Amino acid sequence: ISADTSWEFLPKTALFWDGSLSLQNYLRDVSSGAGGALSVRNDSTSTQSRLGLNGALTSTLGFTLGAGYGASFYDDGNDTENVIALVETRWQLQPALRWTLGYDRGVMAAFQGNYSTMNRFRTALQTTFLGVLLIQSKAEVTLLDYGFDPIQGDRSDTHLLGYRAGA
């Protein structure tokens, strides 16, 4: 269940809020499988709420700032609460060329353990060719820390993503 709203003021500025409530219930026990124990799955209730500001500083420089709170409550009692955040800047280098740099922090359900905490650093460069073809390149580094899993133990991952697209 999610909701969001925004209030626009000044020529290109908006105050925004978004929130969500997630109910996760497993219908069968998946704590053991053919190859032995896979992972522990616990039913949970999670909520997140974030307030932010999206706007333009100049005609070529824009930003988004958001911060909030997330909490998850699990049947096994290993609950978590965390700060969630969004920071992004957009720079219009030329009329047809834009560069974006950003950071996201969040908490989400995980395949191992109860949850994972995500810290993502990202950048993108996009251009319009002849006014009709959008070409975009993106790169991301995501650091994931998983909640405690009594069977698999603690785990941290680093994901690298890079791609180029045209449409």
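## F121 and its aromatic partner

F121 comes out as partly exposed in this predicted model, because its relative accessible area is 42%, which falls between the 20% and 50% cut-offs. The ring of F121 pairs with the ring of Y103, with 5.0 Å from centre to centre and 40° between the planes. That angle makes the pair tilted, because stacked needs planes under 30 degrees apart and edge-to-face needs over 60.

Where do Y103 and F121 sit in the fold? Y103 belongs to strand β6 and F121 to strand β7, so this pair ties together parts of the chain that are 18 residues apart in sequence. The full tally of aromatic pairs comes to four.

## The overall fold

Here's the big picture. The chain has nine strands and zero helices, so the run of elements from the N terminus reads β-β-β-β-β-β-β-β-β, with strands being DSSP runs of at least two residues. Of the 167 residues, 31% count as buried. The accessible surface adds up to about 10,600 Å², and 59% of that belongs to carbon and sulfur atoms.

How much of the contact map is long-range? Take the contacts between residues at least 6 apart in sequence: 45% of them join residues at least 24 apart.

## A salt-bridge network around E88

Side chains of opposite charge can pair when their charged atoms come close. The structure holds seven salt bridges. A network of them links E88, R90, D104, R120, R122 and E140.

Within that network, E88 has salt bridges to two arginines. One goes to R90, at 2.8 Å from N to O, and the other goes to R122, also listed at 2.8 Å, N to O. The R122 pair links distant parts of the chain, with R122 in strand β7 and E88 in strand β5, 34 residues apart.

Are these charged residues buried or exposed? E88 is buried, because its relative accessible area is 16% and the cut-off for buried is under 20%. R90 is buried with a value of 16%, and R122 is buried with 17%.

## D18 and R50

Another salt bridge joins D18 to R50, and here the closest N and O atoms are 2.7 Å apart. This pair also links distant parts of the chain: D18 is in strand β2, R50 is in strand β3 (residues 44–56), and their positions lie 32 residues apart in sequence terms. D18 counts as partly exposed, because its relative accessibility is 22% and buried would need under 20%.

## The nonpolar patch

Which residues make up the nonpolar surface patch? L57, L61, W91, L93, W99, L101 and L125 do, and together they cover about 610 Å². Strands β5 (80–94) and β6 (97–109) each supply at least two residues of the patch.

L61 is one of the patch members and is found in strand β4, which covers residues 61–74. L61 counts as partly exposed because its relative accessibility is 31%. Patch membership asks for over 30% relative accessible area, so L61 at 31% qualifies on that score.

## S116, a buried serine

S116 is found in strand β7 (residues 115–129). S116 counts as buried because its relative accessibility is 3%, where the cut-off is under 20%.

What does S116 touch, leaving aside its neighbours within four places in sequence? The contacts are G106, V107, M108, A109, A110, L144, D145 and Y146.

## Two loop residues

L10 is worth a look if you're checking backbone angles. L10 has a positive phi of about 55°, although it is not a glycine. The residue sits in the loop between β1 (2–9) and β2 (13–24), and L10 counts as exposed because its relative accessibility is 64%.

N25 is in the next loop on the list, the one between β2 and β3. N25 is exposed, because its relative accessible area is 54% and the cut-off is over 50%. How far apart are N25 and S44 in sequence and in space? The two are 19 residues apart in sequence, while their C-alpha atoms are 6.7 Å apart.

Note on methods. Residues are numbered from 1 along each chain as its sequence is written. This is a predicted model: local features need pLDDT of at least 70, side-chain atom pairs count only at pLDDT 80 or more; totals for chains, interfaces and linings use all residues. Side-chain values use heavy atoms; hydrogens and water are left out. Patches are made of residues with over 30% relative accessible area and no salt bridge: like charges are joined within 9 Å, nonpolar side chains (Val, Leu, Ile, Met, Phe, Trp, Tyr) within 5 Å. Accessible areas come from the Shrake-Rupley method with a 1.4 Å probe; for residues, only the protein chains shown count as cover. A salt bridge is a side-chain nitrogen of Lys or Arg within 4 Å of a carboxyl oxygen of Asp or Glu. Helices (H or I, at least four residues) and strands (E, at least two) are DSSP runs, numbered from the N terminus. Buried means under 20% relative accessible area, exposed over 50%, partly exposed in between (1.4 Å probe, protein chains only). Contact means heavy atoms within 4.5 Å. Rings of Phe, Tyr and Trp (its six-membered ring) pair if their centres lie within 6.5 Å; planes under 30 degrees apart count as stacked, over 60 as edge-to-face and the rest as tilted.
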